[in-house]
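Trainee: I have this structure open and don't know how to read it. Please walk me through it.

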Amino acid sequence: MKAYSSNFAPEKIHFKNKNPTKTSCGQAADVHVGYLSEAIAPDANRATAFHVPERMLFQWHVTDRCNLHCSHCYQDDDSHSDLTWNEHLTILEHILSFIRLCRNRNNGRPFRAHVTVTGGEPFVRDDFIPLLGRLSEERQFFSLAILTNGTTLTPAVVSSLKKVQPGFVQVSIDGTRTTHDRIRGKGSYDRAIIGLKCLVNAGIPAYISFTAQRMNYRDFPAVARLGQQLGVTRVWADRMVPCGRGGDTAETLLTPAETRDFFELMQQGRKLSGLKRSRVKLHRSLQFTVTGDQPYRCSAGDTLVTILSNGDVCPCRRMPLIVGNIFQAPLAHLYGSSELFLGLRDRERMSKGCESCFYARTCAGGSRCIAYAVYGDPYRADPGCWLSTEV
């Protein structure tokens, strides 16, 4: 995990909580989390300049702990202590205050917010179900979903989830049983399948997420068929990012030719799924080049904000550039004033290697987290793009 580097732009706010377990609720309470207007903008001119996105996805990592040790994981350390219940309530209040601020500044236009809760593996927390219950009480402010490896989803756990009514629960499946277990550990495939069956039987929308790398991307059609067989709501995929533990397997990153082959496999799966229940969804970086759909622009730092398990804030978990800590500055202030976030949502900024591309501004360089992992610079062209002049 890195603090935001001055290699790209000077960061006006630079906090990093290296010992989150010592952050008391009293300290957190010192950070104003009302409507935050004075925290975001100490003067009237800054107040009018605050960027209100059309929607916002908050990805909240409630723990770094996990019951698996996947070879491609973007984490490199799961030893951090978890925050307390009250500290999590403080983070929730920051999220709610951000949403209230955007609603107030949106001139009557709708503002949609969504919170995905993940880890690590979130279900390793003993208080995770009660935390979901607390979040579900705020459904007038945001929709809610859960990202999990699925191995802890027993009938009893899923029965508790029914009361929470998440919008969906996403489970990772990375290939056939043999491939998946090679990546995530022996027996993890069968346990994840049991979890998916429990979700479908309970009527909870279940998604399958597939992370593509050289060793498994040809397994995607089998995973799409599995989704059909199980009756899940959606099957989608993204590419491995060589960071964290995944940095040790960087040689398995898809080449531009393999990336295109992979997207074509996904497109074939989407055509086969048609209007059936388990739709194959292609709406991630560069996938529009095969589908012919509207270009997808990386949402990190724009309509996506990530809150890590110690309160650190970054654009995306797979782009671990820390712009501050939620216990030392309001979330909306970090979003509104971070030079990194401002740069990522600059519609005029063009990624290096994309200058002659027709999609240069609408696509904005493809996957910025992969560019950062490979080059150390999120403003370079996606290394998997076959249209880039950097290829």
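Mentor: Start with a term: a helix here is a DSSP run of H or I with at least four residues, and helices are numbered from the N terminus. Also keep in mind that this is a predicted model.

Trainee: Fine. How many helices and strands are in the protein?

Mentor: The protein has 15 helices and 12 strands. Of its 391 residues, 58% are buried.

Trainee: Let's take one helix. Which residues of α6 are buried?

Mentor: Helix α6 covers residues 155-164, and V158, L161 and V164 are buried in it. Looking down the axis of α6, those buried residues fall within an arc of 95°, so they line one face of the helix.

Trainee: And which exposed residues are on the face turned away?

Mentor: P155, A156 and K163 are the exposed residues carried by the face of α6 turned away from its buried side.

Trainee: What covers the buried residues?

Mentor: The cover over the buried residues of α6 includes α5 (128-136), β4 (143-148), β5 (168-172) and α8 (188-202).

Trainee: What follows α6?

Mentor: Q165 follows α6, and the phi of Q165 is positive, near 60°.

Trainee: You mentioned β4. Where does T148 lie, I keep clicking on it?

Mentor: T148 is part of strand β4. The cut-off for buried is under 20% relative accessible area, and T148 has 5% relative accessibility, so T148 counts as buried. Opposite T148 stands V171 in β5.

Trainee: What else is T148 in contact with?

Mentor: Not counting neighbours within four places in sequence, the contacts of T148 are E121, F123, L153, V169, Q170, V171 and S172.

Trainee: How many bridges join β4 to β5?

Mentor: Four bridges join them, and β4 and β5 run parallel. As background, strands of a sheet pair through backbone hydrogen bonds, either parallel or antiparallel.

Trainee: Zooming out, what order do the strands of the sheet have?

Mentor: It is an open sheet of 10 strands with mixed pairing, in the order β8-β7-β6-β5-β4-β3-β2-β9-β10-β12. At the edges stand β8 (279-281) and β12 (324-325), each with a single partner strand, so one side of each has no neighbour in the sheet.

Trainee: Now β2. How many of its residues are buried?

Mentor: Five of the seven residues of β2 are buried, so to speak of it as mostly covered is fair. Seven bridges join β2 to β3, and these two run parallel, with Q59 opposite T116 in β3. Four bridges join β2 to β9, again running parallel, with L57 opposite L304 in β9.

Trainee: Which helix lies across β2?

Mentor: Helix α4 (residues 85-104) lies across β2 (55-61), β3 (112-118) and β9 (304-307), at about 170° to β2. Another one, helix α9 (residues 220-230), lies across β6 (206-212), β7 (234-239) and β8, at about 155° to β7.

Trainee: Change of topic: rings. How many aromatic pairs are there?

Mentor: A search of the whole structure gives 13 aromatic pairs. In one of them, Y335 and F341, the ring centres are 6.0 Å apart and the planes stand at 80°, so the pair is edge-to-face. Y335 and F341 are both buried. Ring pairs also link F210, Y217, F220, F262, F263 and W386 into a cluster.

Trainee: What lies over the face of Y335?

Mentor: R345 does, at 4.1 Å from the ring centre. In another place, the charged end of R349 sits over the ring of Y379, 3.6 Å from its centre.

Notes: Residues numbered from 1 in each chain as written. Predicted model: local features only at pLDDT ≥ 70, side-chain atom pairs only at ≥ 80, totals over all residues. Heavy atoms only, no water. Buried < 20%, exposed > 50% of the residue type's maximum accessible area, 1.4 Å probe, protein only. Arc of directions from axis to C-beta. Contact = heavy atoms within 4.5 Å. Phe/Tyr/Trp six-rings, centres within 6.5 Å; stacked < 30°, edge-to-face > 60°. Lys NZ or Arg CZ within 6 Å of the ring centre and 35° of its normal. Pairing = 2+ DSSP bridges. Axes fitted to C-alpha atoms, helices over the stretch in contact; angles between N-to-C directions.
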